[in-house]
Amino acid sequence: MSSVQRLSPVLEQAIAALLNRAEYDGTVSIKAAVKEIRRAAPYLAASDEELTEAIFEVSAAMGLSQ
């Protein structure tokens with residue numbers, strides 16, 4: 001599917017927590033989500049593209065993406 005390396009389960013849980021805070025039927029800004037992840041984990045070496053893909057993957061696994 002993708003050549004992006006798998007992100008850690010901790011990061012996936014953080015993304016899920018971020019998505020859970022969004023209002024029901026609300027739109028989540030990818031840019032804002034990446035910014036919040038960077039603020040929470042400034043040591044993270046993943047690129048913005050990797051984080052964006054991870055956000056999409058986690059949202060799909062949670063049944064949030066259409």
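# Close-ups of a three-helix model

On the other side of helix 2 from its buried residues, Lys31, Lys35 and Arg39 are exposed. That is one detail of a predicted model, and the legends below take the views one at a time.

**View 1. The whole chain has three helices and zero strands.** Reading from the N terminus, the elements go α-α-α. Of the protein's 66 residues, 26% count as buried. Among contacts with a separation of 6 or more, 53% join residues 24 or more positions apart. The protein exposes about 5,000 Å², and carbon and sulfur atoms supply 54% of that surface.

**View 2. The largest nonpolar core has 15 residues.** Within this core, Leu11, Ile15, Ile37, Leu44, Leu51 and Ile55 touch the most other members. Helix 1 (9-20), helix 2 (30-40) and helix 3 (48-61) each put in at least two residues. Helix 1 gives the largest share, with five residues. Zoom in on Ile37: setting aside neighbours within four places in sequence, Ile37 is in contact with Leu11, Ile15, Leu44, Leu51 and Ile55.

**View 3. Helix 1 has a buried side and an exposed face.** Here are 12 residues reaching 16 Å from the first C-alpha to the last, close to the 16 Å expected at 1.5 Å a residue. Leu11, Ile15, Ala16, Leu18 and Leu19 are the buried ones to look for in helix 1. They cover an arc of only 160 degrees around the axis, which puts them on the same side of helix 1. An α-helix has 3.6 residues a turn, so residues three or four places apart point the same way. Helix 2 and helix 3 are what the buried residues of helix 1 pack against. Turned away from that buried side is a face with the exposed residues Pro9, Val10, Gln13 and Asn20.

**View 4. Helix 2 buries Ala33, Val34 and Ile37.** Looking down the axis of helix 2, these buried residues fall within an arc of 100 degrees, so they line one face of the helix. They pack against helix 1 and helix 3. Swing round to the other side of helix 2 and there are the exposed residues Lys31, Lys35 and Arg39.

**View 5. Ser29 caps the N-terminal end of helix 2.** The detail to pick out is a side-chain oxygen of Ser29, which lies 3.4 Å from the backbone nitrogen of Lys31. Lys31 itself is among the exposed residues on the other side of helix 2 from the buried ones.

**View 6. Helix 3 has the span its residue count calls for.** At 1.5 Å a residue, its 14 residues should span 20 Å, and the end C-alpha atoms are 20 Å apart, which agrees. Leu51, Ala54, Ile55, Val58 and Ser59 are buried in helix 3. Down the axis of helix 3, the buried residues sit within an arc of 130 degrees, so they line one face of the helix. Their cover includes helix 1 and helix 2. Over on the other side of helix 3, Glu49 and Ala61 are exposed.

**View 7. Val58 of helix 3 meets residues including Ile15.** Val58 has 9% relative accessibility, so it counts as buried, the cut-off being under 20%. Leaving out neighbours within four places in sequence, Val58 is in contact with Glu12, Ile15, Ala16 and Leu19. Take the pair with Ile15: Val58 and Ile15 are 43 residues apart in sequence, yet their C-alpha atoms are 7.0 Å apart in space. Ile15 also turns up among the contacts of Ile37.

**View 8. Ser59 is a buried serine in helix 3.** Its relative accessibility is 9%, so Ser59 counts as buried. Apart from neighbours within four places in sequence, Ser59 is in contact with Leu19, Leu64 and Ser65. Leu19, one of the buried residues of helix 1, is in contact with Val58 too.

**View 9. Gly63 comes just after helix 3.** What to check here is the backbone: Gly63 takes a positive phi of about 75 degrees.

Note on methods:
Residues numbered from 1 in each chain as written. Predicted model: local features only at pLDDT ≥ 70, side-chain atom pairs only at ≥ 80, totals over all residues. Heavy atoms only, no water. Core = buried A, V, L, I, M, F, W, Y, C linked by side-chain atoms within 4.5 Å. Buried < 20%, exposed > 50% of the residue type's maximum accessible area, 1.4 Å probe, protein only. Helix = DSSP H or I, 4+ residues; strand = E, 2+ residues; numbered from the N terminus. Contact = heavy atoms within 4.5 Å. Expected span 1.5 Å × (residues − 1). Arc of directions from axis to C-beta. Areas by Shrake-Rupley, 256 points an atom, 1.4 Å probe, with all protein chains shown as cover. Polar contact = N/O pair within 3.5 Å; in protein donor to acceptor, adjacent residues only side chain to side chain.
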